[in-house]
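Let's take a walk through this fold together, one sheet at a time, with a stop at the ligand and another in the core. Keep the viewer open as you read.

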Amino acid sequence: MELNRRTVLASAAAAGLAATALGGTAEAAPASGKGRKPVKELFGTLADGTKVHRWSLENGGTRLKVLSYGGIVQSLEIPDRHGRYANVSAGFDNLDDYVASSPYFGALIGRYGNRIGKGRFTLDGRTYQLSVNDGDNSLHGGAKGFDKRVWDVEPFTHGSDVGLRLHHVSVDGEMGYPGTLRVTVTYTLTRHGDWIIDYEATTDKATVVNLTSHVYWNLGGEGSGGIEDHELRIAASRYTPTDSGLIPTGELAKVAGTPFDFRRAKPVGRDIRAGHPQQILAQGFDHNWVLDKGITARPEHAATLRDPSSGRTLSIATNEPGLQFYSGNFLDGTLTGTSGRVYRQGDALCLETQHFPDSPNQPSFPSTVLRPGQVYRTRTVHSFDA
Ligand code: BGC
């Protein structure tokens, strides 16, 4: 019988065993349903004296460490099929590296996930020039996006859930975006160990919003090597091809017969060297998949990622219409990760639930406009198994 994570954890808890007794690297999680109150500690201090805290929370066998800086998931630990824990999210062990050189490791992304062409868009007849930080384009909210802001963090326990509410007020004109945007992102760990992200925002002027999370996954454990053996399934028949600056051309191209076809699970590395012109532009996969389910009232399945050697499996459900799959192409061996190992190309991958890149300039894409009186609300659910 293949043990799944719940049976391993339940039997370890019942026997009063630590996971180390199962050959693991840390003690067993509390039994399902006994989430621990989030605990706060100092993580570092920014140059201007602002203190950055790290919150640790745990529930249903999932352990999360979150920084007030960028809402960054600094560590996310889940067990393998033998109950052995590993941190499956790339990051750093110190604040200075996050400030100096992070490629958005684990961060909250806003106001706009992915790129806006030329950092410019027109809304209600007015043209807005955004902060340009990626060639000619604006990426992930501009030079100082939500990933570089210190969020107000409020812990909670609610029934069997534990979590954090992160608040940020982005003032009118910040990074060129119109309207004061009030944002709350809620991280919840359920008693089943699911990690849920709820994004909520309101504005006082018409604006555009596209929030996401930039966790770099390696289900074998961060620093353990490449993700090419990970099996990925994406529930999408189409994707959005890009120009050389990774701005969508506007076309929704079929994945059938191309390396972009992940409708049936396949190893990430199988077609990564196929030499499709779109892969050459992106140095791998770095595209938005158009989820077949479209925008849904509730989160529905978008993708599944599985590491066959550890058995660790991540399933992502969202109500968003798109998923950016980025195969860690620009990791180049210059960053030293949390456990002291260097990250090379393809040592982690991102699966970012979102609206499509450059939607403000693409009338045929689902709209990212938010107006006063409306509430932006999206949810992404990460479920783990082994
Ligand atoms: C983008 C990549 C970018 C990366 C930043 C991803 O969401 O699609 O092009 O390099 O974020 O590290």
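For sorting residues by character, Ala, Val, Leu, Ile, Met, Phe, Trp, Tyr, Cys and Pro count as nonpolar, Asp, Glu, Lys and Arg as charged, and the others, Gly among them, as polar. Bear in mind, too, that what you see is a predicted model.

With that sorting in hand, start at the ligand. Which residues are around it? They are Pro103, Tyr104, Asn114, Leu246, Asp286, Gln324, Tyr326, Phe330, Cys350 and Glu352. By character, this shell splits into six nonpolar, two polar and two charged residues. Two elements each supply two or more of the shell residues: strand E25 (322-326) and strand E28 (349-354).

Now for the sheets. One of them is an open sheet of five strands, antiparallel in its pairing and ordered E1-E2-E3-E4-E5. At its edges are strand E1 (36-45) and strand E5 (85-87); each has a single partner strand, so one side of each is left without a neighbour in the sheet. Going from one strand to the next, the twist averages 15°.

Zoom in on where this sheet begins. E1 runs antiparallel to strand E2 (residues 51-59), and seven bridges join the two. You can pick out individual pairs here: Arg36 sits opposite Glu58 in E2, and Leu42 has His53 of E2 as its bridge partner. Together E1 and E2 make a hairpin with five residues between them. In that turn, look for Gly49, whose phi is positive at about 95°.

Next comes an open sheet of nine strands, with antiparallel pairing and the order E11-E12-E13-E14-E30-E24-E23-E18-E21. Which strands are at the edges? Strand E11 (152-158) and strand E21 (266-267) are, each pairing on one side only.

Within this sheet, E30 is a good strand to follow. Strand E14 (residues 195-203) is joined to strand E30 (residues 376-385) by seven bridges, and the two run antiparallel. In this pairing Ile196 is opposite Val381 in E30. E30 also pairs with strand E24 (residues 313-318), again in the antiparallel sense, over six bridges; there, Thr313 faces Asp385 in E30. Out at the E21 edge, two bridges join E21 to strand E18 (residues 231-234), which runs antiparallel to it. Glu231 stands opposite Pro267 in E21.

Just before the other edge strand, have a look at Lys148, in the loop between strand E10 (138-139) and E11. Is Lys148 buried or partly exposed? It counts as partly exposed, because it has 19 C-beta neighbours inside 10 Å, while a buried residue needs 20 or more. You can also relate Lys148 to the ligand shell: Leu246 is one of the shell residues, and the C-alpha atoms of Lys148 and Leu246 are separated by 23 Å, with the two residues 98 apart along the chain.

Last stop, the core. In soluble globular proteins, nonpolar side chains tend to be buried together. Here the largest nonpolar core has 81 residues, and those touching the most other members are Trp217, Leu323, Leu349 and Leu351. Strand E13 (residues 181-189) gives the most to this core, with five residues. To see how such contacts tie distant parts of the sequence together, take Leu351: leaving out residues up to four places away in sequence, it touches Trp217, Ala303, Leu305, Ile316, Leu323 and Phe325.

How values were computed. Residues are numbered from 1 along each chain as its sequence is written. This is a predicted model: local features need pLDDT of at least 70, side-chain atom pairs count only at pLDDT 80 or more; totals for chains, interfaces and linings use all residues. Two strands pair if DSSP finds at least two bridges between them. Helices (H or I, at least four residues) and strands (E, at least two) are DSSP runs, numbered from the N terminus. A residue is near a molecule or strand if its C-beta atom, placed from the backbone, lies within 6 Å of it. A residue is buried if 20 or more other C-beta atoms lie within 10 Å of its own, exposed if 12 or fewer, and partly exposed in between; C-beta atoms are placed from the backbone. Axes are lines fitted to C-alpha atoms, for helices over the stretch in contact, and angles run from 0 to 180 degrees between N-to-C directions. A nonpolar core is a set of buried Ala, Val, Leu, Ile, Met, Phe, Trp, Tyr and Cys residues joined through C-beta atoms within 7 Å. Two residues are in contact if their C-beta atoms, placed from the backbone, lie within 7 Å.
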